[in-house]
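Subject: Structure handover and notes

Hi,

Here is the structure I promised to pass on. Please have it open while you read the notes below.

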Amino acid sequence: MATVELRFSALPEHVRTARLVAAAVARRAGVDEAVLDEVRLAVGEACSRAVGLHQHGDISAPVKVLLIEEEKQFSIEVGDEAPHAVPGGRAPGDGAGLADVETEEDEMGLAVISGLVDDVEVSAGEHGGSIRMRWPTAPPATLLA
């Protein structure tokens with residue numbers, strides 16, 4: 001299992017770099033060429049979401065992206081360190097919770113990711129959250145054919 005880790009300051013201009021790196025590593029891992037646009041878009045959406053959460057929460061920690069090549073699949077995990085609402089509660093340190101507009105944007109971003117990626121897992125807690133996306137890869141023998 002090969003892993004590439006990317007960390008970047010929570011600035012919108014770094015999202016493009018994350019998208020390019022993710023697409024290059026996905027291609028090398030054997031993700032179907034026809035799916036690479038979906039990989040780029042999904043990573044861009046997940047990274048933009050993480051950047052927005054960091055900026056809104058005034059968090060100086062970097063956004064973390066893990067690109068994981070496994071035997072028959074390629075995974076990308078985008079992590080943030082923003083406190084998220086726990087089931088039945090509010091985001092810690094946020095007396096009123098996220099504003100309705102921000103919540104709608106967050107939900108729309110997650111909906112876009114879910115529409116682009118068949119295998120997606122979202123986890124969140126008071127110490128941060130992550131979005132893990134998976135795509136199948138072609139066996140090495142078919143890549144050479």
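What follows is a walk through the sheet, the helix packed on it, the core and a few single residues.

A word on conventions before the details. This is a predicted model, in which local features need pLDDT of at least 70 and side-chain atom pairs count only at pLDDT 80 or more, while totals for chains, interfaces and linings use all residues. Residues are numbered from 1 along each chain as its sequence is written, and side-chain values use heavy atoms, with hydrogens and water left out.

**The sheet**

Helices (H or I, at least four residues) and strands (E, at least two) are DSSP runs, numbered from the N terminus. Five strands make an open, antiparallel sheet in the order E1-E2-E3-E5-E4. Strand E1 (2-8) and strand E4 (119-125) sit at the edges, each pairing on one side only; two strands pair if DSSP finds at least two bridges between them. On average, neighbouring strands of this sheet are turned by 15° against each other, direction ignored.

Helix H2 packs on this sheet and touches E1, strand E2 (63-69), E3 and E5, where contact means heavy atoms within 4.5 Å. The direction of H2 makes about 15° with that of E3; axes are lines fitted to C-alpha atoms, for helices over the stretch in contact, and angles run from 0 to 180 degrees between N-to-C directions.

Strand E3 has well-defined partners on both sides of the order given above. Eight bridges join E3 (residues 73-80) to the antiparallel strand E5 (residues 128-136). Among the bridge partners, isoleucine 76 goes with methionine 133, and phenylalanine 74 with tryptophan 135. Six bridges link E2 to E3, again antiparallel, and lysine 64 has glycine 79 as its partner in E3. A hairpin joins E2 to E3 through three residues. E3 is mostly covered, with six of its eight residues buried; buried means under 20% relative accessible area, exposed over 50% and partly exposed in between (1.4 Å probe, protein chains only).

**The core**

The largest nonpolar core has 30 residues, and Phe74, Ile76, Val78, Met133 and Trp135 touch the most other members. Such a core is a set of buried Ala, Val, Leu, Ile, Met, Phe, Trp, Tyr and Cys residues joined through side-chain atoms within 4.5 Å. Two or more residues come from each of E1, helix H1 (15-29), H2, E2, E3, helix H3 (100-116) and E5. H2 gives the most, with eight residues. Leaving aside neighbours within four places in sequence, methionine 133 is in contact with residues including Ala42, Val43, Ala46, Ile113 and Val117.

**Along helix H2**

Does the length of H2 fit its residue count, and what span should its 21 residues have? At 1.5 Å a residue, the 21 residues of H2 (residues 36-56) should span 30 Å, and the end C-alpha atoms are 30 Å apart, which agrees. The expected span is 1.5 Å times one less than the number of residues.

Arginine 40 is found in H2. The side chain of arginine 40 makes a polar contact with the side chain of aspartate 37 (2.4 Å). A polar contact is a pair of N or O atoms within 3.5 Å; within protein, one must be able to donate a hydrogen and the other to accept it, and residues adjacent in sequence count only if both atoms are side-chain atoms. Beyond four places in sequence, arginine 40 touches Arg19, Ala23 and Arg27.

Alanine 50 also lies in H2 and is buried, at 2% relative accessible area. Not counting neighbours within four places, alanine 50 is in contact with Val63, Val78, Gly79 and Asp80.

**Two aspartates**

Aspartate 80, in strand E3, counts as buried at 6% relative accessibility. The side chain of aspartate 80 reaches the backbone nitrogen of alanine 82 at 3.0 Å. Contacts of aspartate 80 outside its sequence neighbourhood of four places include Arg49, Leu53, His54 and His127.

Aspartate 58 is in the loop between H2 and E2. Aspartate 58 counts as exposed, at 73% relative accessibility, and has a positive phi of about 55° although it is not a glycine.

Best wishes
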